[in-house]
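User: I am new to this structure and would like a close look at a single part of it, the small sheet and whatever lies around it. Please take me through that part with care, and then place it within the rest of the protein.

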Amino acid sequence: MGIERMTRAIVRHWILLLALNCFACHAAGQYIPSRQSASQKLTVVSGEKVGYALYQRTSGTNSHRPLIVLIGGSEGGYGLSGSPIVGQFLDRGYNVASLAYFAFDGGPRILSLVDVGTVDHTIRSLAQDLHGVPTCIGILGVSKGAELALVLAAYTDTADAYVATAPSHVSWQSSHVTTTIKSSWTLNGEPLAFVRYPWFSLDTLRAARDTDRALALHKRALRRTDAVARAILPVERSGAPILLQSAIRDQVWPSAEMADAIIERADQLAPGHHQITQRAYDLDHFVLRDKVAAKDAIDFLDRSLSQRCGAGPVSR
């Protein structure tokens with residue numbers, strides 16, 4: 001009987017490996033950033049751990065402009081570099097960097113144990129002007145990138161304002177599974193506590209077949225309240241304004257419920273002190289495809305950076 005149980009456990013384990021690695025591979029791609037118009041200047045840098053595509057205007061001076069950092073999701077690569085939102089931020093006078101934290105040329109191929117300190121350092125270095133003076137920073141992350149944005153907000157003071165679109169209130173397991181299950185993130189050399197995906201279930205197999213329909217998988221994982229408690233992101237610690245853009249009809253993960261959990265925790269632990277707000281949209285997971293939601297994100301960062309840093313490109 002012991003051997004039979006062991007055999008079943010091994011089979012379930014390898015089914016999980018196959019399912020979640022399919023989940024990761026389906027999304028990851030090697031997108032090469034390109035200019036969206038002749039008025040844009042593009043610089044692509046691929047580091048060993050983090051890369052970025054930096055967009056600037058070809059006319060005028062780019063020195064000391066505030067920086068908007070875009071962080072894509074589990075597709076990897078330079079994520080949002082192909083989004084119209086790049087040009088919309090440029091039109092408002094910002095420099096824009098699309099961050100790559102896995103699945104880019106020369107960098108890590110998989111989303112596993114991403115070093116938060118390296119991400120923080122890369123963003124801060126990008127935000128320095130030609131004279132080494134830091135400028136204002138706004139971060140917009142979507143999906144897995146929203147999770148990373150909230151990790152930064154909770155544990156660092158990287159940015160002056162954040163938008164987390166289709167966010168998570170916890171740190172999740174790496175979507176690349178080997179015989180050892182790992183965290184997505186590390187901080188100060190230690191992996192962040194994370195919520196694991198179920199070893200084996202029909203929800204796991206369904207998510208592997210259609211990664212845009214992983215809601216049931218994530219909801220099942222969130223039933224483990226002990227794991228959730230350990231993996232909670234203490235976003236209320238941040239002194240920066242944060243906008244949570246959640247999707248009521250999200251079929252990837254329950255972003256509306258998870259955003260509610262962030263607000264509820266912040267109201268309990270930091271009543272009257274936190275600057276976290278939520279906007280729930282009657283949309284699916286891909287919130288920024290909606291023009292109103294995209295404008296809300298841009299307006300929030302524009303307003304927050306103006307209030308915290310002053311009008312125009314000023315130093316932090």
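Analyst: Strands β8 and β9 pair in the antiparallel sense, over two bridges, and this description, like everything that follows, rests on a predicted model. One of the residues involved is T186, whose bridge partner in β9 is P191. The two strands belong to an open sheet of three strands, arranged in the order β5-β8-β9 with mixed pairing. The edges of this sheet are β5 and β9 (190–191), each of which pairs on one side only.

Between β8 and β9 runs a loop, and N188 has its place there. With a relative accessible area of 73%, N188 is exposed, because that value is over the 50% at which a residue begins to count as such. The C-alpha atom of N188 is separated by 8.1 Å from that of D115, although the two residues are 73 residues apart along the chain.

On the other side of the strand order, the loop between β4 and β5 contains S112. Here the accessibility is 18%, so S112 counts as buried, the limit being under 20%. Leaving aside residues up to four places away in sequence, S112 touches S174, K182, S183 and S184.

The strand β8 (residues 185–187) also brings in an aromatic residue, W185, which pairs with Y101 from the loop between β4 (95–100) and β5 (114–115), 84 residues apart, so that the pair links distant parts of the chain. The geometry of this pair is tilted, with 6.0 Å from centre to centre and 45° between the planes of Y101 and W185. Both Y101 and W185 are buried, and together with F102 they form one aromatic cluster.

A second aromatic pair, formed by W172 and W253, is stacked, with the centres 6.1 Å apart and 25° between the planes. This pair also links distant parts of the chain, since W172 lies in the loop between β7 (161–165) and β8, while W253 lies in the loop between β10 (242–247) and α8 (255–269), 81 residues apart. W172 is buried, and W253 is buried as well. A search of the whole structure finds six aromatic pairs. A ring can also be met by a charge, as at F286, where the charged end of R289 sits over the ring, 4.3 Å from its centre.

W185 leads from the sheet into the interior, where it is among the residues with the most contacts inside the largest nonpolar core, a group of 43 residues in which I139, L152 and L244 are named alongside it. The helix that gives the most to this core is α4 (residues 144–155), with seven residues. Apart from this core lies another, of 27 residues, among them L140, L243, I298 and L305. In soluble globular proteins, nonpolar side chains tend to be buried together. As for L244, its contacts, not counting residues up to four places away in sequence, include L150, A164, P167, A259, I262, I263 and I276, and also T277, Q278 and R279.

Away from the small sheet, the structure holds one disulfide, which joins C136 to C309 with 1.6 Å from S to S. Since C136 lies in the loop between α3 (116–126) and β6 (137–142) and C309 in helix α9 (residues 291–309), the pair ties together parts that are 173 residues apart in sequence. Both ends count as buried, C136 at 1% relative accessibility and C309 with a relative accessible area of 12%.

For another example of antiparallel pairing, one can turn to strand β1 (residues 40–46) and strand β2 (residues 51–57), which pair in that sense over seven bridges. A hairpin of four residues joins β1 to β2, and V44 stands opposite A53 in β2.

The wider setting can be given briefly. The protein has nine helices and eleven strands, and of its 316 residues, 54% count as buried. Among the contacts with a separation of 6 or more, 72% are accounted for by residues 24 or more positions apart. The pair of Y101 and W185, 84 residues apart, is one link between distant parts of the chain, and it brings the account back to β8, the strand that stands between β5 and β9 in the sheet order.

Notes. Residues are numbered from 1 along each chain as its sequence is written. This is a predicted model: local features need pLDDT of at least 70, side-chain atom pairs count only at pLDDT 80 or more; totals for chains, interfaces and linings use all residues. Side-chain values use heavy atoms; hydrogens and water are left out. A nonpolar core is a set of buried Ala, Val, Leu, Ile, Met, Phe, Trp, Tyr and Cys residues joined through side-chain atoms within 4.5 Å. Buried means under 20% relative accessible area, exposed over 50%, partly exposed in between (1.4 Å probe, protein chains only). Contact means heavy atoms within 4.5 Å. A disulfide is a pair of cysteine sulfur atoms within 2.5 Å. Rings of Phe, Tyr and Trp (its six-membered ring) pair if their centres lie within 6.5 Å; planes under 30 degrees apart count as stacked, over 60 as edge-to-face and the rest as tilted. A charge sits over a ring if NZ of Lys or CZ of Arg is within 6 Å of the ring centre and within 35 degrees of the ring normal. Two strands pair if DSSP finds at least two bridges between them.
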